[in-house]
Amino acid sequence: MDAVLEQTNKKLRDLLTKKPFTRILPDGHYDHGYVFNELSETAVTHDKLKRKIVTQEDFLRELDPAGHLINDKELFPDIWQENEEDGRWYIQEIPRYAFSYQQIILVKHLTHLCGNDIQFELSDKSVTDETREVFNEFKNGWANKNMEVAWYQLAKSVKATGDGAFVGFLDKGKFGWKVLSFLNGDKLYPHYDLRTGKLNTFARTYCNYSEDGSVTKRYIDVWDDTNYYRFVADGDPKSLLEKAKNVIFKLFNTDGYRLEWMEAHGFDSIPVAYMRDDNGPCWTFSEETIENYEVAFSNLAHSNHDFGLPIMYVKGEGSEEVTTKDMSYASKIMLLPSDGEIGFLNRQDASNAYKAELDKLEENIYKQSFAVKTPELKSGDTPGVSLKIMYSDAYEKAMTDANEYDGCVDKMIDIFTWGYGIEAEMRLAFINTNIRHYIEPYIHLNLTELTTNLNTAVVGGFLSKQTASEKLPYSTPQEWERIQAEKKEEQAQELLLTEQKLEIQSAITIDQAEALADIESQYTDETTTTTSADGKKKTQGKSRTRTKGSVSTGRGRKNHTGKSWDENGNEIDPTTGRAKSKWDKWNTTH
């Protein structure tokens, strides 16, 4: 509110004004006088361009074939003919053909400009896990808020009507957006700071309509650096803050409207990304060629209607059927007198001349619009270089558009960063993270060739696996994190398997050592000594004697089961005290 009050003494221009769209006329071409002596420094000749004002309504007429000039009967009138018999004048309607080349050009431009998502990259020299988490959250929010759809709708509005605006807002702490376009009935009025050239005030007008199409209410939405205002043109005033209302009326010169709503929009600057193309829609430079094509095709159709079918002539009185019936669309049997004659006139074939004209006009329509007619391929996969050459005109136009729209995309991302940062409670994290973005024009690709090239670059060592995963069209924003997670899981599985092998090997080694110790414990070493004649004892040899009652199983391993076996390896039944026969089970079943 204070910011509004501070601007009361500033001189502001009217709110609902904007620079018109124009097209240059040839008047005054090279009409600047002559020089008869030697050239010398003279005053600069003041040449004034004569422009024809065109409106955004004209752009919609050009976009819709029903509104093309060929359908205007004042510019292209029908033919009036007088009937000699009754003296009356009759209208012969000429054929009119309108083609939607503007729609084709619009779709092709949008495909190459918006076919790829806006690219994001971390531009920090060192990337930490925390930075990567912030980056992933930013991209997830960009996807969840359908910001690519917003970018497409904004580009479509500019390409079709000459301008468009992206507006961000906060609704109960949640970030949202809308695209304002003349396609939807919005008229946009941007106003810039005269010193910096930055957008400081933005207005939009729109209407509510009844069922019969009449206007019920007219609205003006206004955004500045701090607040959002909504004015309405009729009804009883509902005072919001009477003092502030009067200030705003003086500020914006909105006589005839009353203030219906005002609130702080919650952004650090005006939350509007506005884009305008002074040339108008994307088909501007081919519009005249399109109109000439429609006229030429209509003339061809008219010629075919008049001379396409055979023209019959009859000499003599002929029969009643010949003189009164229409012979244009049916074959009939004629009855002629003896001196009569019937035949057909040789018509001139103008189709070849018209075809050459139409082909050249169509070719120039695509060239002047930097659009490419889809080529016919007679083989299988086409190399990527060949595809780029085929679509070179469209790709070059998309590259220049990427530079022209870059500033608008910058503002869109600033609005998103602030708004979604508040929603996700990561505003400072988003601002402090260096995230680079750019528009990547779309070109038809051979995905197999692209994958092979990326693999070659990674194997060659001059491209990282992370960059390669990001460049693939079908990779997700978290592709590299998924790859790392899979690798960690594989390493964990390998480590677990190695530990299990070591445990098994250790258990086997321990069992073998215990079994060997058990076997050693079954025997006692006995030394044989003899006494010589002089009374000295002499050791002659050693022998080993097996000790009875050993706990050994007899199989070289320790007994862990509590069972006992006899010396032949037969299990001893604890109830009977005798050895079980291995044939007992077989004898009972056979």
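Author: A charge sits over a ring if NZ of Lys or CZ of Arg is within 6 Å of the ring centre and within 35 degrees of the ring normal. The structure discussed here is a predicted model.

Reader: What makes K18 a residue that lies over the face of Y189?

Author: K18 is placed at 6.0 Å from the ring centre of Y189, and the cut-off for such a contact is within 6 Å. K18 therefore counts as lying over that ring. R276 likewise lies over the face of F21, at 4.0 Å from the ring centre.

Reader: Why is the aromatic pair of F416 and Y420 called stacked?

Author: Among the 23 aromatic pairs of the structure, F416 and Y420 have ring centres 5.3 Å apart and planes at 5 degrees. Rings pair if their centres lie within 6.5 Å, and planes under 30 degrees apart count as stacked, so both conditions are met.

Reader: How are F416 and Y420 placed in helix α12?

Author: In helix α12 (residues 406-424), the two residues are 4 residues apart, which means that about one helical turn separates them. Both F416 and Y420 are buried. They also belong to one aromatic cluster, which includes F120, W142 and F430.

Reader: Why is the pair of Y229 and F231 called stacked?

Author: The centres of Y229 and F231 are 6.5 Å apart, with 20 degrees between the planes. Because the angle is under 30 degrees, the pair counts as stacked. Both Y229 and F231 are buried.

Reader: Why does I91 count as partly exposed?

Author: I91 has 47% relative accessibility. Buried means under 20% and exposed over 50%, so I91 falls in between. I91 is in strand β4 (residues 89-92), and together with W80 and W89 makes a nonpolar surface patch of about 390 Å².

Reader: Which of the two classes, buried or partly exposed, applies to C207, and which to C408?

Author: C207, at 22% relative accessibility, is partly exposed, because buried requires a value under 20%. C408 has a relative accessible area of 6% and is therefore buried. As for disulfides, the count comes to 0.

Reader: What makes the phi of Y30 notable?

Author: Most residues other than glycine have a negative phi. Y30 is not a glycine, although its phi is positive, about 60 degrees. Y30 is in the loop between β1 (21-24) and β2 (51-54). At 70% relative accessibility, Y30 counts as exposed, since the cut-off is over 50%. K172 also has a positive phi, about 55 degrees, and is not a glycine. K172 lies in the loop between β6 (163-171) and β7 (174-180) and, at 81%, is exposed.

Notes. Residues numbered from 1 in each chain as written. Predicted model: local features only at pLDDT ≥ 70, side-chain atom pairs only at ≥ 80, totals over all residues. Heavy atoms only, no water. Phe/Tyr/Trp six-rings, centres within 6.5 Å; stacked < 30°, edge-to-face > 60°. Buried < 20%, exposed > 50% of the residue type's maximum accessible area, 1.4 Å probe, protein only. Patch = residues over 30% accessible without salt bridge, like charges linked within 9 Å, V, L, I, M, F, W, Y side chains within 5 Å. Areas by Shrake-Rupley, 256 points an atom, 1.4 Å probe, with all protein chains shown as cover. Salt bridge = Lys/Arg side-chain N within 4 Å of Asp/Glu carboxyl O. Disulfide = S-S within 2.5 Å.
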